[in-house]
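Hi everyone, thanks for making time. I'd like to walk you through one protein chain today, so have the sequence and the viewer open as we go.

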Amino acid sequence: MSRPVIPLLSAIEDDALLGVKLFPEQRKLVDAFQEKQHAIVSAGRRGGKTRTAAAVSLADLLYRPDLDALVEPGETRFSVCMATNVRQARIMVDAARRIVDSSPAARSVLKSSNEDELRFELADGARVALA
């Protein structure tokens, strides 16, 4: 079964997929990720950086099957989020978990989770993880 590639913004905001509502500045950030696949963000506290990064990571994992070709068959493809310490890294994983918990589509493919990662098994057998 082949999964379609879904653009980041569509995957993030579509209620049938991740269902995350973004503010205009967050949409601009997602557009930057779509175009360049990396970005440097300078923003103050409580600007939605972590939630936006979690949504982008989940969308890349769940709705970008074209990226599966970057790993060997049977290997797990990761979206790795960097942080300055373990506490901050776990905040990012928790933000992703909250998105998954509120998304029936994402929740249905979640295979396991702990405070350090979320692992998914998709319908076509692909294995992906956010860590």
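Let me start with a definition, as I'll be leaning on it: a residue is called buried under 20% relative accessible area, exposed over 50%, and partly exposed in between. One more thing up front: what you are looking at is a predicted model.

Let's try the definition on D101. Its relative accessible area is 44%, and because that value falls between the two cut-offs, D101 is partly exposed. You'll find D101 in helix 4, which covers residues 86-101. If you'd like a distance to check in your viewer, take D101 and V30: they are 71 residues apart along the chain, and their C-alpha atoms are separated by 21 Å.

Now the overall picture. How many helices and strands does the protein have? The secondary structure comes to five helices and four strands. Going along the sequence, the order is α-α-α-β-α-α-β-β-β.

On overall dimensions, the C-alpha atoms fill a box of roughly 40 × 30 × 25 Å along the principal axes. A compact globule with 131 residues would have a radius of gyration near 14 Å, and this protein has 14 Å, so the two agree. Of the 131 residues, 37% count as buried. For those of you who like contact statistics: among contacts with a separation of 6 or more, 55% are between residues 24 or more positions apart.

On to the strands. Strand 2, residues 110-114, pairs with strand 3 in the antiparallel sense over four bridges. The two form a hairpin, with two residues between them. One bridge to look for is S112, whose partner in strand 3 is R119.

Strand 3, residues 117-121, also pairs with strand 4, again antiparallel and with four bridges. This pair is a hairpin too, with five residues between the strands, and G125 in the turn has a positive phi of about 90°. Here you can pick out L118, which has L130 in strand 4 as its bridge partner.

Which way does strand 1 run relative to strand 4, parallel or antiparallel? Strand 1, residues 76-79, and strand 4, residues 127-130, run parallel, joined by four bridges. Within that pairing, T76 stands opposite R127, and R77 has V128 as its bridge partner.

Stay on strand 1 for a moment and look at the side chains. In a regular strand, side chains alternate between the two faces of the sheet. Strand 1 shows that alternation: R77 and S79 point to one face and are buried, while T76 and F78 point to the other and are not. Yes, that does put an arginine on the buried face.

Next, a pocket, which some of you may want for your own tools. The second largest pocket holds about 180 Å³ of space. Eleven residues line this pocket, and the closest to its centre are R3, L62, Y63, V109 and L122. Which kinds of residue make up the lining? By class there are ten nonpolar residues, no polar ones and one charged. As for where they come from, helix 3 (49-63) and helix 5 (104-107) each supply at least two residues of the lining.

Let me finish with two residues from the first part of the chain. L9 lies in helix 1, residues 8-13. With 23% relative accessibility, L9 counts as partly exposed. Leaving out residues up to four places away in sequence, L9 touches L22, R27, V30 and D31. Its C-alpha atom is 15 Å from that of S103, which is 94 residues away along the chain.

The other one is G48, in the loop between helix 2 (24-36) and helix 3. Is G48 buried or partly exposed? Its relative accessible area is 21%, and the buried class stops under 20%, so G48 is partly exposed. G48 and E25 are 23 residues apart in sequence, and C-alpha to C-alpha they are 9.4 Å apart in space.

That's my tour, thanks for listening!

Conventions: Residues numbered from 1 in each chain as written. Predicted model: local features only at pLDDT ≥ 70, side-chain atom pairs only at ≥ 80, totals over all residues. Heavy atoms only, no water. 1 Å grid on protein atoms, 1.4 Å probe; cavity = no way out; pocket = protein on both sides within 12 Å on 5 of 7 lines; lining within 4 Å. Points joined across faces, edges and corners; volume = space filled by probe spheres on them. Nonpolar A, V, L, I, M, F, W, Y, C, P; charged D, E, K, R; others polar. Pairing = 2+ DSSP bridges. Rg over C-alpha atoms; globule rule 2.2 N^0.38 Å. Buried < 20%, exposed > 50% of the residue type's maximum accessible area, 1.4 Å probe, protein only. Contact = heavy atoms within 4.5 Å.
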